Structure formats: structure tokens, C-alpha cells
Amino acid sequence: MIVFRYLSREVLLTLSAVSAVLLVIIMSGRFVKYLAQAASGALDPGSLFLIMGFRLPGFLQLGLFLGILLAYGRLYLESEMTVLSATGMSQQRLLAMTMIPAAGVALIVAWLSLSLAPQGAMQFQLVLNKQDAMTEFDTLEPGRFQALNDGTRVTYTETLTDDRANLGGVFISEKRLGQDKKDRGISVLVADAGRQEVRPDGSRYLILENGYRYDGSPGQADYRAIKYDTYGVMLARPDVSDEVTDRDAIPTQELFGSTELRSIAELQWRISLPLLVFIVTLMAVPLSRVNPRQGRFLKLLPAILLYMAYLTILISARGSLEKGKLSPTLGLWWVHGIFLVIGLGLLYWEPIRLKMKSRRGQKEMARG
């Protein structure tokens with residue numbers, strides 16, 4: 001029991017450290033991406049952390065895999081595993097002890113992939129639907145040019161009140177497109193002030209005051225200038241859609257019994273994630289065995305490549321299943337079967353090699 005607690009503590013502490021590093025790296029990459037969208041006005045800055053919370057990937061499998069390699073590698077390097085082996089600690093017994101904390105990790109991964117992740121994906125898509133329904137006033141920032149409608153409209157305001165109702169120093173440039181989607185020139189609106197007006201029926205208008213409108217095409221001298229005291233533009237406000245089409249957002253219970261290939265692939269993928277925890281544990285225990293003279297990082301790169309190959313083939317099989325190139329019965333299970341055999345081969349290779357070496361030695365002694 002003491003040995004089990006010691007080994008579990010080493011694995012879980014290393015798992016926590018590795019997972020924290022992976023979390024920071026992954027969150028930073030995604031946060032920069034969403035921050036760029038918020039800076040361009042395509043995303044509401046207030047929804048950044050909400051979206052980040054729903055988009056956290058499942059990184060515990062890799063954290064556990066590296067945690068076992070690093071924790072047990074250190075024990076081999078400091079000859080602690082040699083002492084444990086001398087007291088009867090076999091690879092099979094070590095694996096059995098390691099599977100207990102791995103089962104706890106698998107339960108967490110199962111909860112994430114089967115329950116929490118679909119709920120998060122649904123909330124994420126609803127946030128995006130709400131974002132799509134926003135007008136430019138909802139994301140406009142004073143003192144910054146904001147491109148909208150794929151860059152066909154650029155809006156700038158020098159000042160903006162806290163309630164986003166009144167603007168000062170307004171500049172709006174918009175490409176005029178005909179029914180054939182061809183460029184018909186540019187319209188430029190400048191105004192000293194502007195305000196947002198909401199009618200009782202819910203329609204919204206942008207009212208510009210004391211400004212000019214310029215219409216024309218770049219490179220041509222047929223510009224038209226119009227001075228106005230008041231200029232009103234109706235603002236379209238799309239309805240917020242409650243429709244969720246992302247397959248990641250489909251509740252797991254709705255996937256059972258479905259005959260659609262995409263739903264079958266999604267269900268098998270969600271089940272594969274906790275199953276992957278046990279198989280990578282099976283591979284990590286024998287791969288963590290290192291010679292103290294060789295260093296603890298000797299097998300780290302090959303182990304990571306093996307893990308990446310497992311994950312890559314699994315993703316490829318998921319795509320093939322969605323396209324109908326694999327039967328639902330075969331599905332993703334053959335990938336797990338292959339790497340289960342690889343894990344068992346790694347686990348029993350050393351005892352088999354030692355037994356074969358012992359037999360060769362006995363034969364040589366008999367001949368001598």
C-alpha cells in the first residue's frame with residue numbers, strides 16, 4: 001500500500017505539472033486567435049473568456065502519458081525501480097498499480113467527452129449565434145477603424161458614449177455592389193456627430209448630423225458630393241438563432257441508435273477518448289523503463305511519436321468513417337486494437353527476451 005501511494009503520488013504530481021504547462025500553452029494559442037478577432041471587431045471582447053472556457057481541449061491523455069514516462073523514468077534513473085524490482089515488483093504489477101490512478105483520469109475524461117464537452121460546444125455555438133446578431137455598434141471601439149462585411153465596410157468614430165448611443169467624428173466607407181456583385185464604386189460618409197435611434201417597433205437607425213456624402217469610383221473624376229444636415233440609415237439587426245448544427249454539441253444520449261455516419265463517428269470518438277487513457281498507460285509503463293546510463297529522456301521522443309501516431313491514425317479513421325470508407329462495425333475500434341497489441345508487445349518483450357537469452361545460454365552450456 002505504501003508503494004502504491006508513493007507511485008500514484010509521483011504519477012499524479014507529474015501529471016498535474018505537465019497538464020498545467022500544456023493548458024497554458026494551448027490556452028495562450030487560442031487566446032491570441034480570439035483576441036485578434038476581437039481586435040478586428042469580429043468578436044465581442046466580453047465573450048472572450050466564456051469562449052475560452054468552452055473550447056478547452058482534452059489534454060489529460062497526453063499529460064498522463066508524459067507523467068508516467070517522466071515520473072517512472074526518474075525512478076529508474078535513481079535506481080528506485082531497481083530496488084522495487086528486487087523486492088518482487090514486476091512490470092505487470094507496476095502496470096496494475098498504475099492503472100488505478102489511470103482509471104480516475106479515464107473517468108474525468110469520460111465525463112468531459114460524454115457530458116461536459118457537448119454542453120460547452122452548445123453554449124459556444126449559441127455565443128457565436130448571438131455574436132452574429134450584433135450590429136457594428138455592439139463591437140465598435142472609439143479611435144479605431146473597424147472592417148465589417150468581409151472588408152466592404154469600414155467604420156470609424158472618434159468618440160463614443162458609454163451607452164453606445166452617441167458618436168462623434170464619424171467616418172463610414174462602403175463599397176457599392178450591384179445585383180451582379182460587381183463593384184459600383186465607393187460611398188464615403190463623414191459627419192460631426194451621430195446617434196443610434198431605436199423605434200418602438202424595434203427597428204434601429206443611425207442618424208448622422210452635419211456631414212457630407214461622397215460617391216464615386218477610384219481613378220475617375222465623376223465624384224458626387226452631397227452636404228446634409230441630417231442623414232438616416234436603417235440598421236439591420238438579425239435575429240438571434242437558437243439553432244445548433246455543430247455535431248460536437250449534440251448530446252451523447254441522442255447519438256445512441258443513430259444510423260447517420262457522422263453521428264456514429266462522433267459517438268465512437270467520444271468513447272475512444274477514455275479508452276485511449278488505458279491504452280496509453282499500457283504503452284507508457286514499459287516505455288518508461290530506461291538504463292540509468294542512458295538518461296531519462298532517451299525514450300521520450302520515440303514515445304511521443306508513438307502517441308502522435310496513435311492519435312493521428314485515430315483522427316484519420318474518424319474521417320474515413322464519416323465518409324463511408326469504413327464500416328460502422330469496424331469503426332475506430334481497429335485502431336485501439338492495433339495499439340493494444342503494441343502495448344502488450346512492449347510490456348512482455350523484456351521478459352520474453354530474457355527468457356530466450358536464458359534458453360540460448362542453457363543450450364550453449366549443454367553443448368560445451
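Hi everyone, this is a short walk through one helix, the core it feeds and a surface patch.

What we have is a predicted model, where local features need pLDDT of at least 70, side-chain atom pairs count only at pLDDT 80 or more, and totals for chains, interfaces and linings use all residues. Residues are numbered from 1 along each chain as its sequence is written, and side-chain values use heavy atoms, leaving out hydrogens and water.

Let's start with α8, residues 261-287; helices here are DSSP runs of H or I, at least four residues, numbered from the N terminus. Its 27 residues should span 39 Å at 1.5 Å a residue (1.5 Å times one less than the number of residues), and the end C-alpha atoms are 36 Å apart, which agrees. There is a bend of about 35° at L273, with a proline, P274, following within four residues; the bend is the angle between axes fitted to the seven residues ending there and the seven starting there.

How many of α8's residues are buried? The count is 22 of 27, with buried meaning under 20% relative accessible area, exposed over 50%, and partly exposed in between (1.4 Å probe, protein chains only).

Now the core, meaning buried Ala, Val, Leu, Ile, Met, Phe, Trp, Tyr and Cys joined through side-chain atoms within 4.5 Å. The largest one has 55 residues, and L7, F65 and Y72 have the most contacts inside it. Its largest share, 13 residues, comes from α8.

Finally, over to α10, residues 333-367. L346 sits in this helix, and at 30% relative accessibility it counts as partly exposed. Thanks, folks!

Notes
Helices (H or I, at least four residues) and strands (E, at least two) are DSSP runs, numbered from the N terminus.
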